[in-house]
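Could you walk me through this model, beginning with the DNA and then moving on to how the helices pack? I'd like to know what sits where and what touches what.

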Number of protein chains: 2
Amino acid sequence: MDDEPLPKAVRRGLADEVADRVRDAVFAGRFPPGAPLREVELAESLGVSRGAVREGLARLQREGLIRTGWHRPTTVVAATAADVEEVYRVRAALDRLAAVTALRRATPRDLDELDRLVDEMAAELAAGAGVPRLLALDMAFHDRIYRAAGNGRLTAAWQAVRSQVFLFQLQRVSLARGQYRALVVAEHRELARLLRAGGDEHHLDRLAAEHVDTARRSLLALLPDPDGTDPAGTDTAGTDPDGTDPDGTGPDGTDPEGTTAAG
Amino acid sequence: MDDEPLPKAVRRGLADEVADRVRDAVFAGRFPPGAPLREVELAESLGVSRGAVREGLARLQREGLIRTGWHRPTTVVAATAADVEEVYRVRAALDRLAAVTALRRATPRDLDELDRLVDEMAAELAAGAGVPRLLALDMAFHDRIYRAAGNGRLTAAWQAVRSQVFLFQLQRVSLARGQYRALVVAEHRELARLLRAGGDEHHLDRLAAEHVDTARRSLLALLPDPDGTDPAGTDTAGTDPDGTDPDGTGPDGTDPEGTTAAG
DNA sequence: CCATGTCCGAATGTTGACATCAGGTCGTGC
DNA sequence: GCACGACCTGATGTCAACATTCGGACATGG
């Protein structure tokens, strides 16, 4: 008996389908950073109407994977140091909350799944698996933590940066060095251990923060340094300062199974 | 001599207009919690096509203000204790990051504006202003902090919960008691002071968390105790992981550019 | 040669109509 | 009387066509 026997057979619309296809295409490098995603082209290519494409793109915009403007073609985001800084800072805040919350709410099933993912990660690593495969497992691991936390809004916020995290890691294949790969696996194993231990909230919180920080620094090391160690003022154009950016469309709250794939 | 002399004259689409109108209507109580928002009705009422309405509703869904399903009418969210818990926990995580980041990036103009908002808040309070007015100022205050932080993704995440925070506070007019009102103003003044001082990051982080927690508890106190939401959850986490308590969420939110209405 | 005004292509923004689906109601058989 | 199935209504999902706007190229005047 599963806690959730049936994954609830959700009726997806075309927009979701379009979003998934385009997202995978972006991850696969079909559309490099800065490349335009024209609605008509995608509509023809996918065999659907522009409306569906439009809605799907709006969803991807919500995920921060693409940017658009008034009467301007949407383009794939290009990862600058400022972007990485922004995304990972937000991710750290969310991850910490997710970990601490999961500490109190994780079910035995959640804990088992986390261990299984870490084991699989280690196995794949030993087998010399490619970066996308390891990244997918990495993502699945964190997705599970968010799911265990059981906070819909938190999960939604995570999904708003998740694709960017994946894309950035994929573009800059920072996992290339074996040393770092092993470290990542070790960090995940430690996270799973602390969650199972169920005790030290402070320790877990700190580990979650450090885990993200490790990834952030390893990515920033590969990017042109805009300014000092402490990036201030890297506001830049990417996002709008006023905060009222025109984005996307409605989220669907909960999406349990990771959609990204890219395996 | 503004830092940004011209507010950039953004070209808004119909979807944004629709979203603003509907949001204001919801805040004004035109659509009570649970009420259906039918696309055709709104289309006729606003004099636009269903497409525009659809896109606008998608935006509101992203803000968590409405919920929808496959071929089911969208409805206004009803604030349960679990919802408040979720929203405020996420908000606390975001607010903490925003405050700490703003500590390093806030410009003198930002600081002046924060002080001005607090003063105005105090003045309105003394003048016996209504709850919506105080809430709007409260929101503007926090919006300014997010803006000062200069992290677009963080701001986007904030906007995904901002409307809910506003709605919850508005529905349960927890600010009714004069005592609490005064406390809120004092907390804001302290936040502004710490930001201007520019020093103690730890202290600021903790204050931001407490500020949100105060609001969270005051709201939960007014809601029926759901049982299941979470055993340890509501009060919870008394321990602070980083020395600062990980959760907690905050109270008000508002929107800067006066869209919210009610005022 | 630089600055200004105008035109054109292309993409998005917007629209109204058609197809599909969920929920409730009624009717039927046991 | 109860369970099951078909039907109908109303809503959203989807589509193809029209209107608006951006960006650049071209021509023009100083």
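Let's begin at DNA strand C, where the residues of the nearby surface split into seven nonpolar, six polar and eight charged. For those classes, Ala, Val, Leu, Ile, Met, Phe, Trp, Tyr, Cys and Pro go down as nonpolar, Asp, Glu, Lys and Arg as charged, and the others, Gly among them, as polar. Keep in mind that this is a predicted model, with local features needing pLDDT of at least 70 and side-chain atom pairs counting only at pLDDT 80 or more, while totals for chains, interfaces and linings use all residues. Residues are numbered from 1 along each chain as its sequence is written, chains are lettered from A and ligands numbered from 1 in the order in which they are written, and side-chain values use heavy atoms, leaving out hydrogens and water.

There are 21 residues around DNA strand C, and R50(A), R54(A), H71(A), L14(B) and R72(B) come nearest. Sugar and phosphate make up 72% of the strand C atoms that come within 4 Å of the protein. (A residue is near a molecule or strand if one of its heavy atoms lies within 4 Å of it.) Now for some polar contacts, meaning pairs of N or O atoms within 3.5 Å; within protein, one must be able to donate a hydrogen and the other to accept it, and residues adjacent in sequence count only if both atoms are side-chain atoms. The side chain of R54(A) puts an N or O atom 2.2 Å from a phosphate oxygen of DNA strand C, and a polar backbone atom of L14(B) is 2.4 Å from a phosphate oxygen of DNA strand C. R50(A) goes for a base instead: an N or O atom in its side chain is 2.9 Å from a base nitrogen of DNA strand C. The elements giving two or more residues to this surface are helix 3 (50-62) and strand 3 (72-76) of chain A, together with helix 3 (50-62) of chain B. Helices (H or I, at least four residues) and strands (E, at least two) are DSSP runs here, numbered from the N terminus. Helix 3 of chain B gives the most, with three residues.

What about DNA strand D? It is surrounded by 20 residues, and L14(A), R72(A), R38(B), R54(B) and H71(B) are the closest. Of the strand D atoms within 4 Å of the protein, 72% belong to sugar or phosphate and the rest to bases. A backbone N or O atom of L14(A) lies 2.5 Å from a phosphate oxygen of DNA strand D, and a polar side-chain atom of R72(A) lies 2.6 Å from a phosphate oxygen of that strand. On the base side, a polar side-chain atom of R50(B) sits 2.9 Å from a base nitrogen of DNA strand D. Helix 3 of chain A, along with helix 3 and strand 3 (72-76) of chain B, each supply at least two residues of the surface near DNA strand D.

Next, the helix packing. In chain A, the axes of helix 1 (residues 14-27) and helix 3 come within 8 Å and cross at roughly 60°. Axes are lines fitted to C-alpha atoms, for helices over the stretch in contact, and angles run from 0 to 180 degrees between N-to-C directions. Helix 1 of chain A and helix 3 of chain A are therefore oblique to each other; angles under 35 degrees count as roughly parallel, over 145 as roughly antiparallel, 65 to 115 as roughly perpendicular and the rest as oblique.

In chain B, the axes of helix 2 (residues 39-46) and helix 3 come within 9 Å and cross at roughly 110°, which means helix 2 of chain B is roughly perpendicular to helix 3 of chain B. E39(B), V40(B), L42(B) and A43(B) in helix 2 of chain B meet R50(B), V53(B), R54(B) and L57(B) in helix 3 of chain B, where contact means heavy atoms within 4.5 Å.

Finally, back in chain A, helix 5 (residues 108-126) and helix 6 (residues 131-149) pack at an angle of about 170°, their axes 10 Å apart. That makes helix 5 of chain A roughly antiparallel to helix 6 of chain A.
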